[in-house]
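Reader: I should like to learn how to read the features of a protein model. May we begin with the way its parts meet?

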Amino acid sequence: MTFTMQQNIPVVHWDKALIEKYDCRGPRYTSYPTATEFNDQYTVSDYEQALRKVKEQPFEPLSVYLHIPFCHDICYYCACNKIVTRKQEVADTYLNYLEKEMRLIHDVLGRKRNINQLHLGGGTPTFLNPAQMTRLIHMLSTYFQLSESDDREYSIEIDPRTVTPDTLALLKGLGFNRISLGVQDFSPQVQQAINRVNPVDMVEGLMVAARNYGYSSINFDLIYGLPYQTATSLKETIESVIALSPDRIAFYNYAHLPERFTSQRAIDRMTLPDADEKLLMLNTISDLFSDAGYVYIGMDHFVKPEDPMAQAQRLGRLQRNFQGYSIARSTNMLGLGVSSISSVSDTFAQNCKEVTAYYEALDNNVLPIERGVKTSADDKRRAYVIMHLISNLQLSFADWEKTFGDRFSDYFAEELRELDPMQQDALVEINAGNIKVLANGRSMLRNICMVFDIYHNPSKQLYSKVI
Ligand code: SF4
């Protein structure tokens, strides 16, 4: 494995021997404990109790994730929780229920709380037509205090096929200042094979409009490992992406699991790239974006060096949440809508995954919580370590000890021993005061974090591999 330095941040290169040795399968650590530990012993009253603790800090802003589950068409690679429909009126019903959920939360919190971070995800949030989108923002402003500060982060996931420049103007007027475009790949053959055709000129038109309307950040979601993709075809896609110059890029691995996700059955297994081709793709992604000046944040994210995420990582302040890497603006995140996850006080709570169950709970004036977990003192100690390593690539023992009062090397004596082979493979460097993730370790972040994950059980094999 080789690496080059860019602003003191090593550029990752993927090494077959290391990938095979460590079998990079594992959680993505968007939370700790991860969602597999959520259970149905967690109840609505647990969640209400957690909300009441939030009520005790009335001036703390909130982060809100809001899920819109509807899509007009199915993308064959999809593994999301979504409802494919052409009936626009289903969104009116859904908004009615979202309003009930907002009202119930408002009742517990007792006042309109400031939202400094808002993310609309899906499904396809832009399934909502202009009137429905306007109503949604009006509802939010009825039960919460929407921020007008330039510092706010209000973002929305956009399927390029569902919007025009006029939609972007409306969204900007409604307060959104960040967009995430689901591009996936620009090859016409790949787009046909995944049933998602959004050519370069369509995305380019939206980019130009988004810049004109003053959006402060534009993200592209891309996927590697799709049918008919090769390292060569991917290179062409990446060159087009670099020419469009988004601020952030998330590059996800396609995991073919047709037994779990029925829409994937439309993808012919024989058209998928093999492991060697995917390794070539990973290095193509890493090399091209690095050469273009992007910084590899970790896992699957690249950003421009001046992006607040790169700055936050340099300062050790980057975090992860259910949307991936983020700059934490608030301690508590409310998840609204079907299947959304909240991280509130010392609990994680997930809403009902099925829309009928979500509606039924709200019909009974009950918050639609299906499962969750209360974090223990040990969970918090481990979460701190995992989140620092995966986000900031280092961990200071003194900072951890200041937070928790224990001696790091005593509390994690076994884990430090387990990291020995990783130190020998130059994935990490451990000294008396800290752990640092080295260049080799940047492609093995999940494996490094798994050492501190007390719940991790490789035999469960619920997670996708990197290649
Ligand atoms: S990938 Fe996104 S837009 Fe496509 S079906 Fe899945 S949720 Fe809908």
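Author: A polar contact is a pair of N or O atoms within 3.5 Å, where, within protein, one atom must be able to donate a hydrogen and the other to accept it. In this predicted model, the rule finds nine residue pairs in polar contact across the interface of domain 1 and domain 2, both residues of each pair being at pLDDT 80 or more.

Reader: Which elements supply at least two residues each to the side of domain 1 that touches domain 2?

Author: They are α1 (16-22), α12 (377-392) and α17 (445-450). The most comes from α12, with five residues. By class, this side of domain 1 comprises nine nonpolar, four polar and three charged residues.

Reader: Where do the two domains lie along the chain?

Author: Domain 1 is made of residues 11-27 and 377-457, while domain 2 covers 36-333. The contact between them draws 16 residues from domain 1 and 20 residues from domain 2. Their centres, taken over C-alpha atoms, are separated by 28 Å. Together the two domains bury about 1600 Å², of which 55% is on carbon and sulfur atoms.

Reader: What does UniProt place at residues 56-292?

Author: The unreviewed UniProt entry gives the feature "domain: Radical SAM core" for that span. In the model, residues 56-292 are 39% helix and 22% strand, and the end C-alpha atoms of the span lie 47 Å apart.

Reader: How should salt bridges be read, and how many are there between domain 1 and domain 2?

Author: Side chains of opposite charge can pair when their charged atoms come close. Between domain 1 and domain 2 the count is one salt bridge. The side chains of Lys16 and Asp276 meet in a salt bridge at 2.9 Å, N to O. Over the whole structure, a search finds 18 salt bridges. Among them is the pair of Lys53 and Asp346, at 3.7 Å, N to O. Lys53 belongs to helix α2 (residues 44-55) and Asp346 to the loop between β17 (341-344) and β18 (347-351), so this pair ties together parts that are 293 residues apart in sequence.

Reader: Which peptide bonds are cis, and where is Gln184 found?

Author: The bond from Tyr32 to Pro33 is cis, with omega near 0°, and Pro33 has its place in the loop between α1 and α2. The bond from Gly122 to Gly123 is also cis, with omega near 20°; Gly123 sits in the loop between β6 (113-122) and α4 (130-143). Gln184 is in strand β9 (residues 178-184) and has a positive phi of about 70°, although it is not a glycine.

Conventions
Residues numbered from 1 in each chain as written. Heavy atoms only, no water. UniProt positions renumbered as here; feature names shortened; annotations may be inferred. Helix = DSSP H or I, 4+ residues; strand = E, 2+ residues; numbered from the N terminus. Domains from an automatic or database assignment. Contact = heavy atoms within 4.5 Å. Buried area = accessible area lost by both parts, 1.4 Å probe. Salt bridge = Lys/Arg side-chain N within 4 Å of Asp/Glu carboxyl O. Polar contact = N/O pair within 3.5 Å; in protein donor to acceptor, adjacent residues only side chain to side chain. Nonpolar A, V, L, I, M, F, W, Y, C, P; charged D, E, K, R; others polar.
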